[in-house]
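User: Please take a close look at one part of this model and then place that part within the chain. I would like the cut-off behind each term to be stated where the term is used.

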Amino acid sequence: MADYDFMVKTKIFSLSFNKILNIFDNKDKLIGVCVQKAFKLKEDIRLYADEAQKKELLRIQTPEILDFSATYNIYDSASNNLLGYWRRQGLQSIFRDSWIMLDSESASEVGKMEEDNMTMAVVRRFCPFGHLIPQTYYLKNNAGTTLASFIQDFNPFFYGLKVKIYQNSGESIDLKMAMAGAMLLATIEGRQQQ
């Protein structure tokens, strides 16, 4: 059995200007298609159940226009319920990608997703061919317990991100919030790797 719960991959061929990602389970079965709409001033990212894009599962939107430290609202498309927020730590992400996960009720910080370490992050950004070094992110709750890992596959032809969700004493991240985090890494942070 694979050592991850799901994987996000860029779609290699697309006739659309939109950025399209496929999401596979750990048995390589397609479980979702992520579409980042092109030419939008405000980010609009959708997760659909299949390639036909008929059934929307998840919606990621931001009220800000082209904001370096934007807050992304995560909605369950079926119920239209707000699941929570992901906020990009803009200035900190210049040297090391960092995101804050906020709950839906009080917008309080419940976790932080960060690139593996500062040294590797700086090498990736400022050394020739540093972008070829795969990124790893860890999501930890406020107590420092690891809830999930997001590990980039090394492949010069497409972006791939394997996500592992940990069960720690009954505490874990909601699957849809983990998928939203992975989609944001692949669409927003993934730009620097492509």
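Analyst: Strand 11 and strand 12 (residues 160-165) run antiparallel to each other and share six bridges; two strands pair if DSSP finds at least two bridges between them. Helices (H or I, at least four residues) and strands (E, at least two) are DSSP runs, numbered from the N terminus. The model is predicted: local features need pLDDT of at least 70, side-chain atom pairs count only at pLDDT 80 or more, and totals for chains, interfaces and linings use all residues. Residues are numbered from 1 along each chain as its sequence is written, and side-chain values use heavy atoms, with hydrogens and water left out.

Six residues form the hairpin connection from strand 11 to strand 12. Within this pairing, Gln 152 faces Leu 161 of strand 12. Strand 11 (residues 146-153) also pairs with strand 10 (residues 136-141), again in the antiparallel sense, over five bridges. In that pairing, Ser 149 of strand 11 lies opposite Tyr 138. Four residues lie between strand 10 and strand 11 in their hairpin, where Gly 144 adopts a positive phi near 90°.

The approach to strand 10 is the loop that follows helix 1 (118-126), and Gln 135 is found in this loop. Gln 135 counts as buried because its relative accessibility is 0%; buried means under 20% relative accessible area, exposed over 50%, and partly exposed in between (1.4 Å probe, protein chains only). The C-alpha atoms of Gln 135 and Leu 161 are 8.9 Å apart in space, although 26 residues separate the two in sequence. Leu 161 is thus a point of reference twice here, as the residue opposite Gln 152 and as the partner in this distance to Gln 135.

The remainder of the chain gives the setting. It has two helices and twelve strands, in the order β-β-β-β-β-β-β-β-β-α-β-β-β-α along the sequence. Its radius of gyration, taken over C-alpha atoms, is 16 Å, in agreement with the value near 16 Å for a compact globule of 194 residues; the globule rule is 2.2 Å times the number of residues to the power 0.38. Buried residues amount to 45% of the 194 residues. Of the contacts (heavy atoms within 4.5 Å) with a separation of 6 or more, 35% come from residues 24 or more positions apart.

Charged side chains add further links. Nine salt bridges are counted in total, each a side-chain nitrogen of Lys or Arg within 4 Å of a carboxyl oxygen of Asp or Glu. Arg 96 and Glu 114 form one of them, at 3.9 Å from N to O. This pair connects distant parts of the chain, 18 residues apart: Arg 96 belongs to the loop between strand 7 and strand 8, and Glu 114 to strand 9 (residues 109-115). Both Arg 96 and Glu 114 are buried. Glu 114 also meets Lys 112 in a salt bridge of 3.7 Å, N to O; Lys 112 is partly exposed because its relative accessible area is 27%. Elsewhere, a network of salt bridges links Asp 44, Arg 46, Glu 56 and Arg 59. Within this network, the closest N and O atoms of Arg 59 and Glu 56 are 3.9 Å apart. Arg 59 counts as buried because its relative accessibility is 13%, whereas Glu 56 is partly exposed because its relative accessible area is 21%.
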